[in-house]
Structures are given as structure tokens and as C-alpha cells.
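The exercises below concern charged side chains and the way they pair. Please work through each task before reading its solution.

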Amino acid sequence: MAECVFCRIVAREIPAQVVYEDEEILGFRDINPQAPVHVLLIPKEHVASLDEAEERHAPLLGRLLLAARSVAAQLGLDDGYRVVNNCGARAGQSVFHIHFHLLGGRDFAWPPG
């Protein structure tokens, strides 16, 4: 999708600090970090949100979570990290391309938000 900022990052039309990449997934540092480590993990295929995911996306969604684990290890988040997916505007989703936030490097409170 030409107007999707994350699709444009995948296409390398917009620069990003990439920390992870494979055939299906791209991980890059958030430009407005909410923690010392804040990486966004996205599928290269455009899927607007978790609500738009289909059964065929199940393996991809699993690989996204495994990529989060891999990046957490790569970045030394041995003492814990958080993985967040916002689904819909009311939940805080501002870019409608499914993505997971990998947050770490500080203590987190519960409940969030």
C-alpha cells in the first residue's frame, strides 16, 4: 500500500534503523521510543491489524513473536521485556499495518496505560 508508512519502510522509501530482517519480517527502532529499547516488528506483507489477520497468517504471527524473542536476546534484554500489539485506534494503533512493539531496558508497571 503506497500510503502506508510501514510499507514504505519495507520498500526502503523511508529510512529506518533496521535491527532484524528475514524474508517475511522487518524489525526497526521506533522513532518515538517509549523505553530505552523500543523496536517495531512488522510483517513485510501488509495486514492492517490483528482484526484483519486471517487463518493463513497464523504462521507469520508466530514468527513475529519469535523474531521479538530473537531481537530481545540480540539487544541484551535478559532481565525481561514487553511485547505489545495495539489493535484499533481506541487501543492506540496509529499505523494501520500490524506491528508488535518490543520494549525493554526499564521497569514496567501493570496494568499498562
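**Exercise 1.** In this predicted model, determine which parts of the chain are tied together by the salt bridge between glutamate 21 and lysine 44.

*Solution.* The side chains of glutamate 21 and lysine 44 meet with an N to O distance of 2.8 Å, which satisfies the 4 Å criterion for a salt bridge. Glutamate 21 belongs to strand E1 (residues 18-21), while lysine 44 sits in the loop between strand E3 (37-43) and helix H2 (58-74), so the pair connects parts 23 residues apart in sequence. Glutamate 21 is partly exposed at 41% relative accessible area, and lysine 44, at 24%, is likewise partly exposed. Both residues also take part in a network of salt bridges that includes Arg12.

**Exercise 2.** Locate the elements that hold arginine 63 and glutamate 24, and state how far apart in sequence the paired parts are.

*Solution.* The salt bridge between these two side chains has an N to O distance of 2.6 Å. Arginine 63 lies in helix H2 and glutamate 24 in the loop between E1 and strand E2 (25-29), so the parts they tie together are 39 residues apart in sequence. The relative accessibility is 35% for arginine 63 and 32% for glutamate 24.

**Exercise 3.** Classify arginine 56 as buried or exposed, and identify where its salt-bridge partner lies.

*Solution.* With a relative accessible area of 56%, arginine 56 passes the 50% cut-off and is therefore exposed. Its partner is glutamate 45, with the closest N and O atoms 3.3 Å apart; both residues lie in the loop between E3 and H2. Glutamate 45, at 34%, is partly exposed.

Definitions and conventions:
Residues numbered from 1 in each chain as written. Predicted model: local features only at pLDDT ≥ 70, side-chain atom pairs only at ≥ 80, totals over all residues. Heavy atoms only, no water. Helix = DSSP H or I, 4+ residues; strand = E, 2+ residues; numbered from the N terminus. Buried < 20%, exposed > 50% of the residue type's maximum accessible area, 1.4 Å probe, protein only.
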